[in-house]
Amino acid sequence: MYLQVHHDMKAPLAHYFLYTGHNSYLTGNQFSSDCSAEPIITALKRGVRVIELDLWPNSANGVNVRHGGTLTTPVDLSTCLCAIKDNAFVASEYPVIITFEDHLTPDLQALVADMVVSTFGSTLFHPESELNEFPSPASLKRRIIISTKLPKEYLESHLEQKGESLKAETETDDEQDELDEGEDHQDEDVQSAAPEYRSLIAIDAAKPKGGIENWFSENPNKVGRLSLGEEELKDAARTCPSDIVRFTQRNLVRVYPKGLRVNSSNYNPLVGWAHGAQMVAFNMQRHGKHLWIMHGMFKANGGCGYVKKPDFLLNSVEVFNPREDIPLLPIKTTLKVKVYLGHGWHLDFSPNHFDLCSPPDFYTRVGIAGVRRDKVMMETEVIGDEWFPVWNAEFEFPLTVPELALLRIEVMESNTSIKNHFGGQTCLPVSELRTGIRAVPLFNHKGDKYKSVRLLMNFKFV
């Protein structure tokens, strides 16, 4: 892996995938967990570049951050803003985008504007006029960018004020998505807002009325951000895939989890990335395969949180059609992987962590996360009763879209009587692999690196 930023960082923001969080303030599930600045701090230190805050009025005539229509406990907005200020550029000097979901009166919008300006000061990015092309990450180093829908008048009839918040959890996907993403469903005709708040908005988020056929219509004189639920993206990918790709060549598309993911689970990010969506928003407080893939993608380019999109997604002359073009693509390269051995578990785990009476029985799963044609998972044999397993197993992975391929590696401990035990994982962008023999560190469920656990592996492209 390359440890330094090495992609061209002087292209417009729309030419990059961005490490993006969803409901960044939640510590657990979407319905009853605590809201806190701690998940924001953790995300920023990992390199996340897009933080989402939902703004709601509180009883003290101030502003809280919480998940509306749920039982989540709030956190004060100022606490979140200070956390962002102190940690925004710890892991990366490239810009941090804060997306607001705004449920405020004009008076409170003015209060938010004052808080934002006093917290971030000169680091705030204020475009002098409406953007017809996004600036580059290189030109926005150590800058804070605010993105939200041009604000609307606060509506007094929100679901929770009717006592319908509990009922909303069991509604259909579309109804729940409306609750989660009020920025996309507020009354389009109400335009009362504090002018000082409007002036903060550098990236306008808008969703045209009229359904899929209108979502990807472009304004040649303006760029902005469109938010889509994961199911909306799938529908659009079936009906107008090349329109999405064309739209994302100039504009930003943010994809968010469907509302029924109450447990803060995630979805396959490759669907969004294959269509050029820059902001595939994830619940960073969870763990599992899809979040490991997300972490893996953004290990690329020195872990700066910005990954340059492949050239085929940026070709405006022959616009890529993921639905039609991917099945016809030839094999571009073949990745050969050899897993020699593993070590370090005896240092990081207790002697009876895996088996009470004997050493562990490890095996390794190796595969590709990527477009459908490249996706595969294989595994080694089980090496029984051994803390230092030697596999010497070889695998070949023909790849049609190596630019979007990630190498998935998982070590499991075989157990015939109960569920297999987890022994570590990592996910690596294929485009960043360095050939030859490598000691590959493994990570736990949460994505934190083990102190000692490594696999000795060999990578080769043919």
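Before I show helix 2, let me say that a residue is called buried when its relative accessible area is under 20%, exposed when that area is over 50%, and partly exposed in between, using a 1.4 Å probe and protein chains only. This is a predicted model, in which local features need a pLDDT of at least 70 and side-chain atom pairs count only at pLDDT 80 or more, while totals for chains, interfaces and linings use all residues. Residues are numbered from 1 along each chain as its sequence is written, and side-chain values use heavy atoms, with hydrogens and water left out. Helices (H or I, at least four residues) and strands (E, at least two) are DSSP runs, numbered from the N terminus.

With that in place, helix 2, which covers residues 77-87, has as its buried residues Leu77, Cys80, Leu81, Ala83, Ile84 and Asn87. Seen down the axis of helix 2, these buried residues fall within an arc of 160 degrees, so they line one face of the helix; the arc is that of the directions from the helix axis to the C-beta atoms. Helix 8, residues 230-239, can be read in a similar manner, with Glu230, Glu232, Leu233, Ala236 and Ala237 as its buried residues. They cover an arc of only 155 degrees around the axis, which puts them on the same side of helix 8. What covers them includes helix 7 (212-215), strand 8 (225-229), helix 9 (241-247), strand 9 (252-256), helix 10 (270-274) and helix 12 (322-325), where contact means heavy atoms within 4.5 Å.

Let me move on to the nonpolar cores. A nonpolar core is a set of buried Ala, Val, Leu, Ile, Met, Phe, Trp, Tyr and Cys residues joined through side-chain atoms within 4.5 Å. The largest one has 73 residues, and those with the most contacts inside it are Leu53, Leu55, Ile84, Ile144 and Trp273. Helix 3 (residues 106-120) gives the most to this core, with 6 residues. Apart from this core lies another, of 34 residues, among them Leu335, Ile368, Trp391 and Val440. As background, in soluble globular proteins nonpolar side chains tend to be buried together.

If we leave out residues up to four places away in sequence, Ile144 touches Ile84, Ala88, Phe89, Val96, Ile98, Phe120, Thr123, Leu124 and Phe125. In strand 6, which spans residues 144-148, we also find Ser147, and at 0% relative accessibility Ser147 counts as buried. With the same sequence neighbours set aside, Ser147 touches Ile97, Ile98, Thr99, Phe100, Ile203 and Arg225.

How many disulfides are there? A disulfide is a pair of cysteine sulfur atoms within 2.5 Å, and by this rule the count comes to 0. The sulfur of Cys82 is 9.4 Å from the closest cysteine sulfur, in Cys80, which is too far for a bond, and Cys82 is partly exposed, at 39% relative accessibility. For Cys427, the closest cysteine sulfur is in Cys304, at 17 Å, again too far for a bond, and Cys427 is buried, at 2% relative accessibility.

Now to the backbone, where most residues other than glycine have a negative phi. Asn301, however, has a positive phi near 55 degrees, and Asn301 lies in the loop between helix 11 (289-297) and strand 11 (306-308). Asn301 is buried, with a relative accessible area of 0%, and, leaving aside neighbours within four places in sequence, Asn301 is in contact with Gln4, Val5, His6, His7, Met9, Tyr306 and Glu432. Asn392 also has a positive phi, of about 50 degrees, but its place is in strand 15 (residues 390-399), and Asn392 is partly exposed, with a relative accessible area of 44%.

My last topic is the largest pocket. On a 1 Å grid over the protein atoms alone, a pocket is an open set of points where a 1.4 Å probe fits, with protein on both sides within 12 Å along at least five of seven lines, and lining residues have an atom within 4 Å of a point. The largest pocket has a volume of about 750 Å³, a volume being the space filled by probe spheres set on the points, which are joined across faces, edges and corners. Of the 28 residues that line this pocket, the closest to its centre are Met1, Leu3, Lys299, Leu428 and Phe443. The largest share of the lining, 5 residues, comes from strand 18.
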